[in-house]
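Let's take a walk through this fold together, from the overall picture down to single residues. Have the viewer open and rotate along as you read.

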Amino acid sequence: MNTIDNHSIFSNLRILEFSSVLAGPAVGMFFAELGAQVIKLENIHAGGDITRNWKMSAEGPSTAASAYYHSVNWNKESRFVDLCDEQVKSDIYELVKQTDIVIANFRYGSAEKLGMDYNTFKKINQGILYGSISAYGKRDPRPGFDVSMQAETGWAYMNGEEAGPPIKMPVALIDILAAHQLKEGLLIGLMNRLKTGKGSEVHVSLFAASIATLANQASNWLNLGVLPERKGSKHPNIAPYGDILNTKDGIQMMLTTGTQGQFVQLCDTLNLSWMITDPNYKTNASRLKHRSALIEKLQAQASLFTLQELEARDPKIKSLMSPIQNLQQVFENPEAKSMVLRQTEADGSESKRVATVAFKIEE
């Protein structure tokens, strides 16, 4: 089979990006990675995308843009513009004539006020797709960031250790989820345009994207009335899964035994075969009920072996429990390295980020 070059898939598309921060720019970068021409229009009065200045202490003040900004702005043509300037508007309208997709996250009412909304653009180009992102909905004026959504849609409440406080995720997960929703909607819009020749507006709110991803946690509440509580990394429906063991050489391992067969394999590897038939541990239901004692016994045995010794006992041990790695260790992996995108900036420096496209297409 031949692998299709991702960078040629959308080489015939032009994208105008009026968005900043993470969700909208992540959508723009998705299309850039697939070969589209992405023109990022940044507000000159605000100094461009706000994340240009979201710099860590390790970044010097002379740095043109933060590492955060680089994370979702690869291979775009950035232009600083004044959207209140009539000549600039005229130039943008000319671009719109030959544009396929617009990505925007204007503040409530601003797109209409500036003449940068879908209804204005579709009069210029009836085939244009307009992807927009809001916090709570297209007709809701309330602003909101990712952390607001993690707080208000249950994520922070569920995340953290049992006796600890609520904790937000270490990435702006809701922004990323909203970006995925918008990508999907725009791809469907492109498919529909092939049939009808007409464009459409696709809208995603951070709130709805967050709710849509609650999955089994929402289902446990909706069907059973079981309120998800903080359990650290422990899975509420499977044991042992997400529990952490420490090896003899101090390596933290996260248990990933999602099936009965894997639990049997784990017991055999740790010299705990008796647990397979023990009434307290032989089924997932019984293991959930006796989870504390289960993990105590697993830990006692895991502490007798180094990771290397466990791998010698079972070469597939990492499919049963995975070493918990920091990002330095992650990017020593060749597969992770292959997903790093590099770009030479205007000042000659090299910026890096991970690809947002993880799939490969073969024919």
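The chain holds 16 helices and eleven strands. Bear in mind as you look around that this is a predicted model. The C-alpha trace spans about 80 × 50 × 45 Å along its principal axes. Of the 363 residues in the chain, 41% count as buried. The accessible surface comes to about 19,600 Å², and carbon and sulfur atoms contribute 55% of that area. If you look at contacts with a separation of 6 or more, 66% of them are between residues 24 or more positions apart.

A good place to start is the open sheet of six strands. Its order is E3-E2-E1-E4-E5-E6, and the pairing is parallel. Strand E3 (77-81) and strand E6 (200-205) are the edge strands, each pairing on one side only. From one strand to the next, the twist averages 20°. A general reminder may help here: strands of a sheet pair through backbone hydrogen bonds, in either a parallel or an antiparallel way.

Now zoom in on strand E1 (residues 14-18) and strand E4 (residues 101-104). These two run parallel and are joined by four bridges. For a landmark, find Glu-17, which stands opposite Ile-103 in E4. Next, turn to the helices that pack on this sheet. Helix H3 (residues 86-97) touches E1, strand E2 (37-43) and E3, and its direction makes about 145° with that of E1. Helix H8 (residues 173-196) lies across E4, strand E5 (129-134) and E6, where it runs at about 160° to E5.

Another helix deserves a stop of its own. How many residues of helix H1 (residues 23-33) are buried? Eleven of the eleven are, so H1 is largely enclosed by the rest of the structure. The buried residues of H1 include Val-27, Met-29, Phe-30 and Phe-31, and Glu-33 is also among them. Just after H1 comes Gly-35, which takes a positive phi of about 100°.

For a contrast with that enclosed helix, look at the surface. Ile-50, Trp-54, Phe-145 and Val-147 make a nonpolar surface patch of about 380 Å². Trp-54 sits in the loop between E2 and helix H2 (67-70). Why does Trp-54 count as partly exposed? Its relative accessibility is 34%, and partly exposed covers the range between the buried limit of under 20% and the exposed limit of over 50%.

Let's move on to another sheet. Here three strands form an open sheet in the order E7-E8-E9, with antiparallel pairing. E7 and E9 are its edge strands, each pairing on one side only. The twist in this sheet averages 30° from one strand to the next.

Strand E7 (residues 241-246) and E8 run antiparallel, with four bridges joining them. You can follow their register through two pairs: Tyr-241 stands opposite Thr-256 in E8, and Ile-244 stands opposite Met-254 in E8. The hairpin of E7 and E8 has five residues between the strands, and in this hairpin Gly-250 takes a positive phi near 80°. On the way to the other edge, E8 pairs with strand E9 (residues 321-323) over three bridges, in the antiparallel sense. Here Leu-255 has Met-321 in E9 as its bridge partner.

Strand E8 (residues 252-256) is worth a closer look for its side chains, which alternate along the strand. Which of them are buried? Met-253 and Leu-255 are, and they point to one face, while Gln-252, Met-254 and Thr-256 point to the other face and are not buried. With this in mind, return to the partners you have just visited: Leu-255, bridged to Met-321 in E9, is one of the buried pair, whereas Met-254, opposite Ile-244, belongs to the face that is not buried.

To finish the tour, find helix H13 (residues 291-302). This helix lies across E7 and E8 and runs at about 40° to E7.

Notes
Residues numbered from 1 in each chain as written. Predicted model: local features only at pLDDT ≥ 70, side-chain atom pairs only at ≥ 80, totals over all residues. Heavy atoms only, no water. Pairing = 2+ DSSP bridges. Axes fitted to C-alpha atoms, helices over the stretch in contact; angles between N-to-C directions. Contact = heavy atoms within 4.5 Å. Buried < 20%, exposed > 50% of the residue type's maximum accessible area, 1.4 Å probe, protein only. Patch = residues over 30% accessible without salt bridge, like charges linked within 9 Å, V, L, I, M, F, W, Y side chains within 5 Å. Areas by Shrake-Rupley, 256 points an atom, 1.4 Å probe, with all protein chains shown as cover. Salt bridge = Lys/Arg side-chain N within 4 Å of Asp/Glu carboxyl O.
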